[in-house]
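Dear colleague,

I am handing over the structure we spoke about, and below it you will find my notes on the strands and on one residue that I looked at in more detail. Please read them with the structure open beside you.

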Amino acid sequence: MPRYDFRCRSCGATFELRRAMAQANDPAVCPQGHTDTVKLLSTVAVTGASGGSAPQPPAGGGGGGCCGGGCCG
């Protein structure tokens, strides 16, 4: 189940809730009971098994077009 981060506008508390994606935009109540909350934008980092970064395109550009190889103009 996805995790969503919220911040309370009344007390400033930041908290997380696990809920179904269908409930992602439902109102949330902070741990102190306040209802004036906003959902925060979360970022997700995805890495490969080695934990390294993705390969970079060759210097001088990589072409473009539909396949990125420069053959399609």
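Which residue in β3 does F6 stand opposite? Before I answer, please keep in mind that this is a predicted model. The residue opposite F6 is K39, and the strands concerned, β1 and β3 (residues 37-39), are paired in the antiparallel sense over three bridges.

On the other pairing, strand β1 (residues 3-8) runs antiparallel to strand β2 (residues 14-18), with five bridges between them, and one of the bridge partners is R18 in β2, which is matched with R3. These two strands form a hairpin with five residues between them, and in the turn G12 has a positive phi of about 85°.

Taken together, the three strands make an open sheet in the order β2-β1-β3, with antiparallel pairing. Because β2 and β3 each have a single partner strand, they stand at the edges, and one side of each is left without a neighbour in the sheet. Direction ignored, neighbouring strands of this sheet are turned by 35° against each other on average.

The residue I looked at in more detail is D5, which lies in strand β1. D5 counts as buried because its relative accessibility is 17%, and the cut-off for buried is under 20%. Its side chain makes a polar contact of 3.4 Å with the side chain of R3. Leaving aside residues up to four places away in sequence, D5 touches F15, E16, V38, K39, L40 and S42.

With best wishes

Terms used
Residues numbered from 1 in each chain as written. Predicted model: local features only at pLDDT ≥ 70, side-chain atom pairs only at ≥ 80, totals over all residues. Heavy atoms only, no water. Pairing = 2+ DSSP bridges. Helix = DSSP H or I, 4+ residues; strand = E, 2+ residues; numbered from the N terminus. Buried < 20%, exposed > 50% of the residue type's maximum accessible area, 1.4 Å probe, protein only. Polar contact = N/O pair within 3.5 Å; in protein donor to acceptor, adjacent residues only side chain to side chain. Contact = heavy atoms within 4.5 Å. Axes fitted to C-alpha atoms, helices over the stretch in contact; angles between N-to-C directions.
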